[in-house]
Amino acid sequence: MIIGSNLVFCENLTSTNTQASELLKKNDIPEGTVVHSDFQTAGRGQPGNRWESEKGRNLLISVILYPGSVKPHEQFLISMTISLGICDFIDRHLPGSKVKWPNDIYVKDDKIAGVLIENSIMGDSIENTVAGIGLNINQEEFPGEIRNPVSLKMLTQKEYSRNICLNDLLSDLDKRYKLLLYGDRNSIRNEYVSRLYRFNEQHKYKAGKRTFTGRITDVSVSGILSITEENGKTSRFSFKEVDFLL
Ligand code: BTN
């Protein structure tokens, strides 16, 4: 086992990603070390967003990785791997989880988990990765400003042991990570693309001031999303360049 070989628990902290980055400043932190917590005072979401989570109800974890064989131009493979591992975990409990590009995990139209990957790049290699995951397990009420949150409990009406969930999630992430290190990377990308929320369906999108209808057709290993419009033209988008409309 790589992921989960070393667990670091702090009941309260600012952010598990911040704590993991602090650990990385010391020497010899084993690959697969997981920082986890009951409560974050400054949980971080995608740039510009916070991640808020009721104390002791969900999973808040950050995994330290050294994916040296993944080159910076293909770093989105790490996001794909982590997203698929979370979907594997959700599949244990209910069908149909999807990845909303770039790395929100959805069940139907609601968000059950968010991922914050922070790669430290030196020259042509990834020195280390902190993969932060917030996964909603038992929380039933969320503050008003969160648009469409959901938890496992809200979807199944069952209360979950967070310890069992943590072990299962780490085992699922570990299997996926080994495929990234030793397996076929094309199959990671293909599986990620086929798991995409709204894959190959006609929906409305907004890029800048332009609204258009198209189908998501691909995501590259650098994380670029391809949307093919009704007239056959394919446009490519980086993070934050396109909004999904209802
Ligand atoms: C997002 O959807 O905006 C990403 C959310 C990522 C939240 C997790 S919770 C554990 C880890 N620590 C953080 O501060 N953020 C990530």
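Which polar backbone atom lies 2.7 Å from a nitrogen atom of the ligand? That atom belongs to arginine 44. The structure discussed here is a predicted model.

**The ligand site**

Arginine 44 does not act alone in the list of neighbours: 20 residues surround the ligand, and Ser15, Gln40, Arg44, Gln46 and Lys111 are the closest. Two side chains also make polar contacts with the ligand. Glutamine 40 places a side-chain N or O atom 2.9 Å from a ligand nitrogen. Lysine 111 places a side-chain N or O atom 2.6 Å from a ligand oxygen. The table sets out these three contacts.

| Ligand atom | Protein partner | Distance |
|---|---|---|
| nitrogen | glutamine 40, N or O atom in the side chain | 2.9 Å |
| nitrogen | arginine 44, polar backbone atom | 2.7 Å |
| oxygen | lysine 111, N or O atom in the side chain | 2.6 Å |

How much of the ligand's accessible area does the protein cover? On its own, the ligand has 410 Å² of accessible area, and the protein covers 98% of that.

Four elements each give two or more residues to the shell: helix 1 (16-24), strand 3 (59-65), strand 6 (110-122) and strand 7 (125-135). Strand 6 supplies the largest share, 4 residues. By class, the shell holds 11 polar, 6 nonpolar and 3 charged residues.

**Helix packing**

Two packed helices are described by the angle between their axes and the distance between the axes. Helix 2 appears in two such pairs here.

Its partner in one pair is helix 5. Helix 2 spans residues 76-91 and helix 5 spans residues 185-194. Their axes are 10 Å apart, at an angle of about 60°. Helix 2 and helix 5 are therefore oblique to each other. Their crossing is left-handed.

The other partner is helix 4, residues 162-182. The axes of helix 2 and helix 4 come within 8 Å and cross at roughly 140°. Why is this pair oblique rather than roughly antiparallel? Roughly antiparallel needs an angle over 145 degrees, so helix 2 and helix 4, at roughly 140°, count as oblique. The crossing of helix 2 and helix 4 is right-handed.

**Backbone exceptions**

Most residues other than glycine have a negative phi, and most peptide bonds are trans. Two loops depart from these patterns.

Tryptophan 101 and proline 102 are joined by a cis peptide bond, with omega about 0°. Proline 102 sits in the loop between strand 4 (97-100) and strand 5 (104-107).

Arginine 198 is not a glycine, yet its phi is positive, near 70°. Arginine 198 lies in the loop that runs between helix 5 and strand 8 (202-207).

Key
Residues are numbered from 1 along each chain as its sequence is written. This is a predicted model: local features need pLDDT of at least 70, side-chain atom pairs count only at pLDDT 80 or more; totals for chains, interfaces and linings use all residues. Side-chain values use heavy atoms; hydrogens and water are left out. A residue is near a molecule or strand if one of its heavy atoms lies within 4 Å of it. A polar contact is a pair of N or O atoms within 3.5 Å; within protein, one must be able to donate a hydrogen and the other to accept it, and residues adjacent in sequence count only if both atoms are side-chain atoms. Accessible areas come from the Shrake-Rupley method with a 1.4 Å probe; for residues, only the protein chains shown count as cover. Ala, Val, Leu, Ile, Met, Phe, Trp, Tyr, Cys and Pro count as nonpolar, Asp, Glu, Lys and Arg as charged, and the others, Gly among them, as polar. Axes are lines fitted to C-alpha atoms, for helices over the stretch in contact, and angles run from 0 to 180 degrees between N-to-C directions. Angles under 35 degrees count as roughly parallel, over 145 as roughly antiparallel, 65 to 115 as roughly perpendicular and the rest as oblique. A crossing is left-handed if the near helix is turned anticlockwise from the far one by less than a right angle, and right-handed if clockwise.
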